[in-house]
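Trainee: Please take me through one part of this model closely, and then show me how the rest of the model is built around it. I would like to know which residues are hidden there and what hides them.

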Amino acid sequence: MYEAFGFRLLPWDYGVRNLLRRPARSAMTLFGLTLVVVLVLVVVGFIRGLEVSLSVSGDPQVVLIHTLGAAENMENSSIPSSQAALLSASLKSVQRQQGPSGSKVVCASPELFLGTQVNIDHESEESLGLVRGITPATPLVRRNVQILQGNWPGPGEVLVGRLAATKLGTRPEELAVGKTVTFEGRTWKISGHFASTGSALEAELWCPLEDLQLAMKRQDLSLVAILLASGADLADVDEFCKERLDLELQATAESTYYASLQRHYGPVRLLAWLIVVIIAGAGIFTGMNVMYGAVTGRVRELATLQTIGFVRRAIALSLLQEGMLLAMSASLLAAAFAVIAIQGTAVRFTMGAFTLRVDSTTVLIGVGVGLLVGVLGSIPPAIRAMRLPVVEGLKAI
Amino acid sequence: MPLVEIHGLTKEYHKGDQKIVPLRDASLAIDKGDFVSLMGASGSGKSTLLNLIAGIDRPTSGTIHVAGTDIASLTRTQLAHWRARNVGYIFQLYNLIPVLTAYENIELPLLLLPLARAERQKRVEIALAAVGLTDRADHYPRQLSGGQEQRVGIARAIVGDPAVVVADEPTGDLDAETSEQILHLLQRLNAELGTTLLMVTHDPKSASIARRQLRLDKGVLLEPEPPKVALAARGA
Amino acid sequence: MFKSTRFALSILTVGLLVVGCTRNDSSNKTDPDKKPSNAVASKHVLDSEPASAKGVKEVKQQAKDGDEVVVVGRIGGSDKPFTGRASFTIVDVSFKPCPDGEGCPTPWDFCCEAPDDLAKGTIFVKFVDSAGKTLANDAKALLGVKELSTIVIRGQAKRDDDKSISIVANGVFIKQK
């Protein structure tokens, strides 16, 4: 192993112990680099959380039927309530399940979806919440929804998503079962809480469709979400919509809908990656500063090692090893901190809320950036060390 | 055949517009097992000559043969490998690696040689015994006195059994009593182990312990002993 | 001691293997410029233009359920006029594709036309099998057409009620790819 690089390397201990030579300085650098990697993990966790939230939101078997041209903004979609029955009856590609009384139940969920001001209990400030009017058929289509606590909403009740409190900018206690919220001029009692495998639905408030229509004095729907029958695909529904051009409907796969939302957040993600680069750049300079210090404070020692017979590359590699070791320790500390303290933190954004995701990909990227910081921060000082003339170096104080 | 043969050795460098010639047309031969001291005032070029022989500096002109190798023709990497096998260097300020123990400092040159761990351990223990520091093996340099540090430095220089050991003012930073002990140690190494030694000093008393004493003045070797026989044999 | 240092520096390389999974699913990729050559295609693609073709608007207004019709139109009417099967929408040739620089998603969605007019001038065309089910082949590959192709469709009008009409086609002549 000593000659793994075609020349004899300095002992591993040399690099390790050099870090302990100036404990305060090394500790401060370790802290600084840990902070850098933590920040990177937060930003990458943000990006991953956003991506995953939107990608798990699309059920591949679910198709959304909405007004022509409203594919990217369901709030603008308006279809007459009567069309829900027409769709249920006409669409052969919708899954039908055995009902309790032996009749077939169509897996189609007519929904009214909107962003509206929500007042929490008697708080003076209102927040923009996402409200969905639903029916008992909704869980047949929204198959990933799980009631965590309480019950399905009855008349005048609302079922609250796991991340709704974050979306509304309030504490989860404010949305406890039994409390009330006010929107669209009506007070709604919280009947329970639901989760939906981390999807965007978790930021919403669900209330009975009819009650919502009544409160809003609206007769229409935003969309009808249908669960495709086995063997059916989007083209079946698409054909129906194109054949019935008079209905002015359009079919969009739910996964396509959320993918299009992801595209909306492209600039945000780009900005987030830019922040990662800037933070990493700051980390590189921190590391470089420390490693330059390590070289300038050790000129005579490095010249001595060359005099003994160590080649310059071995010395440069040893410095690189020091930087890497520091960066690796910082990365591991940061990853541990992120997994314990950051994972799952809820974040609010315009179309809902999601949780920061410190998963294996995030950790791999964070640790990768940390090591890159170590390498890039050490290379210039290592090159400088390689260029030091031996005779001059031996004279250094 | 002499162990060290230098002929017409000149070293020049420029400092701004000024040309400095620390060593001018020096010729010298040192036999195996010899103990040579090189005296001269500060700036006389004695350290330059020492560094050239040790292979850490390059001459402007002239030849240097050490243990049969024309070291002036070697590349930087080849020179490093050559130094590892052929040169032991004793520094005025000891130059021990502060994060390594006495044992580890002495073992350092052996890591560059193809030796098994057991063999290295044996050699380090012998070197430690030779300088009388067996009980200080696990001490770090900061835990040693100046004289002890220099003895570790000497052990490090001899542990690889190099062709030549060079010492640059080895007692320059020590008190008189410790200096004497170190010089005595060098004398013993030369006498008992047959180590070829070239020592630079400005102190006539230190120089006097060597078998041969040379003097440099403004880059010129004043008592040169041209290795006529050896050079003739090489056809130079 | 160097007892633990027999191993030298082993560089830790984090191999961030970015595995790009590019599936070359030829069944989903079609080249509209490729001339259809299989038997199914030749059955539907006509060599000569059927006579007396009417415009989409005229056919939508006048045709009754079961009428044999010949209609000329351009493929379009929305950003995705094709369904992925042997069916698509065509618009009346009087409509002009959206010019560049209007900010329209596609030129073939004809979004610069008044929505009501566009609805009146758009019709759904499908090629079906003997059971009346739309052929599973993508029309682009099957017929060698693409968005904005000008085509003449020969087929039968299918009117469900007063509002909904489509054409079950039995032949297509491609006037302009």
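Mentor: I will begin with one helix, then move on to a second helix, the nonpolar cores, a loop and the two chains as wholes.

This is a predicted model, in which local features need pLDDT of at least 70 and side-chain atom pairs count only at pLDDT 80 or more, while totals for chains, interfaces and linings use all residues. Residues are numbered from 1 along each chain as its sequence is written, chains are lettered from A and ligands numbered from 1 in the order in which they are written, and side-chain values use heavy atoms, with hydrogens and water left out.

The part to look at is helix H8 of chain A, residues 254–264, where Glu254(A), Tyr257(A), Tyr258(A), Ser260(A), Leu261(A) and Gln262(A) are buried (under 20% relative accessible area; exposed is over 50% and partly exposed in between, with a 1.4 Å probe and protein chains only). Helices (H or I, at least four residues) and strands (E, at least two) are DSSP runs numbered from the N terminus. An α-helix has 3.6 residues a turn, so residues three or four places apart point the same way. The cover over the buried residues of H8(A) includes helix H2 (23–57), strand E1 (62–67), strand E14 (249–253) and helix H9 (266–296), where contact means heavy atoms within 4.5 Å.

Further along the chain, helix H10 (residues 299–308) is mostly covered, with nine of its 10 residues buried; among them are Val299(A), Glu301(A), Leu302(A) and Ile308(A). Just after H10(A) comes Gly309(A), which takes a positive phi of about 130°.

Turn now to the largest nonpolar core, a set of buried Ala, Val, Leu, Ile, Met, Phe, Trp, Tyr and Cys residues joined through side-chain atoms within 4.5 Å. This core has 41 residues, and Phe183(A) and Ile226(A) touch the most other members. Strand E5 (residues 108–120) of chain A gives the most to this core, with five residues. If neighbours within four places in sequence are left aside, the contacts of Ile226(A) include Val62(A), Val63(A), Ile65(A), Leu91(A) and Val237(A). Another core lies apart from this one and has 36 residues, including Ile6(B), Ala54(B), Leu74(B) and Val200(B).

Gln219(A) lies in the loop between helix H6 (209–216) and strand E12 (220–221), and it is exposed, with a relative accessible area of 66%. Not counting residues up to four places away in sequence, Gln219(A) touches Ser81(A) and Gln213(A); Ser81(A) is 138 residues away in sequence, yet the two C-alpha atoms are 6.3 Å apart.

Seen as a whole, chain A has 13 helices and 16 strands, and 57% of its 397 residues are buried. Its radius of gyration is 30 Å, whereas a compact globule of 397 residues would have one near 21 Å (taken over C-alpha atoms; the globule rule is 2.2 Å times the number of residues to the power 0.38). The C-alpha trace of chain A spans about 95 × 50 × 35 Å along its principal axes.

Chain B has eight helices and 10 strands, and its radius of gyration of 18 Å is close to the 18 Å that the globule rule gives for 236 residues, so chain B is as compact as a globular protein of that length. The C-alpha trace of chain B spans about 50 × 40 × 40 Å along its principal axes.
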